[in-house]
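Biologist: I am new to this structure and would like to go through it with you. Could we take it topic by topic?

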Amino acid sequence: MPLSATTRVTLGFVLLALVCLALGDFEISAHAPWHSLGQLFLGLLQPDFSSVDSLGGALLRTVAFAFVGVGVGSLAGMLLALVFHRWWVRTFSAFIRAIHELFWALIFLQSFGLHPVTGVLAIAIPYAGIFAKVYAEILDETDPLPGEALPRRADRVSTLVYARISQAWPHLVSYTAYRLECGLRSSAVLGFVGMPTIGYHLMAAFAQGHYPTVGALLLMFYLLIGTLRWWVRPKILPLYLLVAPFFLGTGLPIMWSNVTRFFTEDIVPAPLRRGEGLEALWAWLTRLFVDQALPGIWNTLLLTQIALVATGVLALLLFPLISRHFMGRFGGVAGHVGLVVMRSTPEYMLAFILLQLWGPSMLPAVVALALHNGGIIAHLIGRRSNEVTLRQDAPTGVNRYAYEIVPRLYGPFLALLFYRWEIIMRETAILGILGIATLGFYVDSAIQEIRFDRAMVLILITALLNIGVDVLARRLRGHLRLRHGVNRQQC
């Protein structure tokens, strides 16, 4: 019996991941790693909130950067969505969202320094590209009949406001409110490059070996994410957006001469800056590609494929935790809490913690990526499973899982996994800043050496790689006719 296209693609990805696993660097090199892990869990059980003032300030700034960054990004995204039918707008939006927030932060740090504008732009720019795509999809799905009912003399703005945006408004507000959860994670991670958010204090506490403070920071962050639905309501979002800028803090005055020099000189390739010809530029690009870009691309792709399959396996194993077909009321609540913790912890933050505990290798990165992304997909598929109606004589236990539920959910599951593919690639690249030899490692090294021209070329390569993976994922979804059918709520 010939295998279906879905089965062939699945087996192909699994085999590719196994090959990558054999080629990767996976080891635990830290001294007494399990003791350190135990200390971390003890810190979660006995958190130290003694520095509540500084921790509260970090949490407040984390929220402020998220609100302002997401607010600016949503406004820019709406403007782009209105002209999203133009090819250059779609290309521009794809490009800016393909570059991770931390890469944008590293770029702006060189010109604006540790100024609030750095954190705001680092979130707002990639989110504008994401909002543009999603907002355009939401507007395209509106019913065209109300527009046809308007008077013929109605202008384009009136038609847009009264016929399209009025219909799409609940979905636009809902998605924007959801996107704040992603913004909070992005804001927290900005602390790892020096911005005064919760990630900065987490990094400092780890450096001092003060695990109770680490536990307090993580619990505060989980509480912030877990209670989001209660304190972020669409009706009071405008108030939050108005107040948030006043809690960003202050920074050193921006030296506009440095900004001008960075964008007109520092990022210009060295051969062009020295007035050398195209031959010298080609030799410079070739050396950069062979010595840094190629190894970075190899490790990024290697790690991405392993993390992608590990994410899929983990999601299939964990979605029953919140499914009414497998769990009772108490078990479902416990499973929901577990998945909230998994999907609420940013990959970068989790990878940083595991690197401190296990030492440098690809293992912490794979575990961090799989836990976060697996938690997101398991949550979405588990909710989808609750909509499945079983016949009265349906099997129970493992047979129900293997022969009733999974076959019905496998199409949406695979579609969601392919949607996460490009996101996993973005995160894999940025994890190089932590010392893993992906593209982010070479970007960070170039910035440390004040070779901003090299860093910009490597960032551009990262963006093109992400766009390529996104195109491939879309074609695979189209080939397999996959529709996730859950919602757009995935960071």
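**Salt bridges and surroundings**

Modeller: Let us begin with Arg451, which is partly exposed, as its relative accessibility is 37%. Please keep in mind that the model is predicted.

Biologist: Which residue forms a salt bridge with Arg451?

Modeller: The partner is Glu449, and the closest N and O atoms of the two are 3.4 Å apart. Glu449 also counts as partly exposed, at 48% relative accessibility.

Biologist: Which residues are joined into one network by salt bridges that share partners?

Modeller: That network consists of Arg391, Asp393, Glu404 and Arg408.

Biologist: How many salt bridges does the count come to?

Modeller: The count is twelve.

Biologist: What about Ile450: where does it lie?

Modeller: Ile450 belongs to the loop between helix 20 (439-448) and helix 21. Its phi is near 55 degrees, which is a positive value in a residue other than glycine.

Biologist: Is Ile450 buried or exposed?

Modeller: Ile450 is classed as exposed because its relative accessible area is 63%, and the cut-off for that class is over 50%.

Biologist: Going back to salt bridges, which residue does Arg273 meet?

Modeller: The side chain of Arg273 meets that of Asp453, at 3.9 Å from N to O. This pair links distant parts of the chain, with Arg273 in helix 14 (residues 270-273) and Asp453 in helix 21 (residues 452-480), 180 residues apart.

Biologist: And how accessible are Arg273 and Asp453?

Modeller: Arg273 has a relative accessible area of 43% and is partly exposed. Asp453 is at 6%, so it counts as buried, given that buried means under 20%.

Biologist: What does Arg261 pair with?

Modeller: Arg261 and Asp266 form a salt bridge through their side chains, with an N to O distance of 3.7 Å. Arg261 counts as partly exposed at 38% relative accessibility, whereas Asp266 counts as buried at 19%.

Biologist: New topic, the interior. How many residues does the largest nonpolar core have?

Modeller: The largest nonpolar core has 161 residues, and those with the most contacts inside it are Ile353, Phe413 and Phe418. Helix 19 (residues 397-430) gives the most to this core, namely 15 residues. As background, nonpolar side chains tend to be buried together in soluble globular proteins.

Biologist: What does Phe413 touch?

Modeller: Leaving aside residues up to four places away in sequence, Phe413 touches Gly312, Ala315, Leu316, Ile377 and Ile381.

Biologist: Which residues make the nonpolar patch on the surface?

Modeller: The patch, of about 700 Å², is made by Leu60, Ile236, Leu239, Leu242, Val243, Phe246 and Phe247. Its largest share, three residues, comes from helix 12 (residues 237-243).

Biologist: Where is Leu60 found, and why can it be part of a patch?

Modeller: Leu60 is found in helix 3 (residues 52-82). Its relative accessible area is 41%, so it is partly exposed; patch residues need over 30%.

Biologist: One last residue: where is Gly249?

Modeller: Gly249 sits in the loop between helix 12 and helix 13 (256-266). With a relative accessible area of 31%, Gly249 is partly exposed.

Biologist: What does Gly249 touch?

Modeller: Gly249 is in contact with Arg61 and Pro116, not counting residues up to four places away in sequence. In addition, 8.6 Å separates the C-alpha atoms of Gly249 and Pro196, which are 53 residues apart along the chain.

Notes. Residues numbered from 1 in each chain as written. Predicted model: local features only at pLDDT ≥ 70, side-chain atom pairs only at ≥ 80, totals over all residues. Heavy atoms only, no water. Patch = residues over 30% accessible without salt bridge, like charges linked within 9 Å, V, L, I, M, F, W, Y side chains within 5 Å. Areas by Shrake-Rupley, 256 points an atom, 1.4 Å probe, with all protein chains shown as cover. Salt bridge = Lys/Arg side-chain N within 4 Å of Asp/Glu carboxyl O. Helix = DSSP H or I, 4+ residues; strand = E, 2+ residues; numbered from the N terminus. Buried < 20%, exposed > 50% of the residue type's maximum accessible area, 1.4 Å probe, protein only. Core = buried A, V, L, I, M, F, W, Y, C linked by side-chain atoms within 4.5 Å. Contact = heavy atoms within 4.5 Å.
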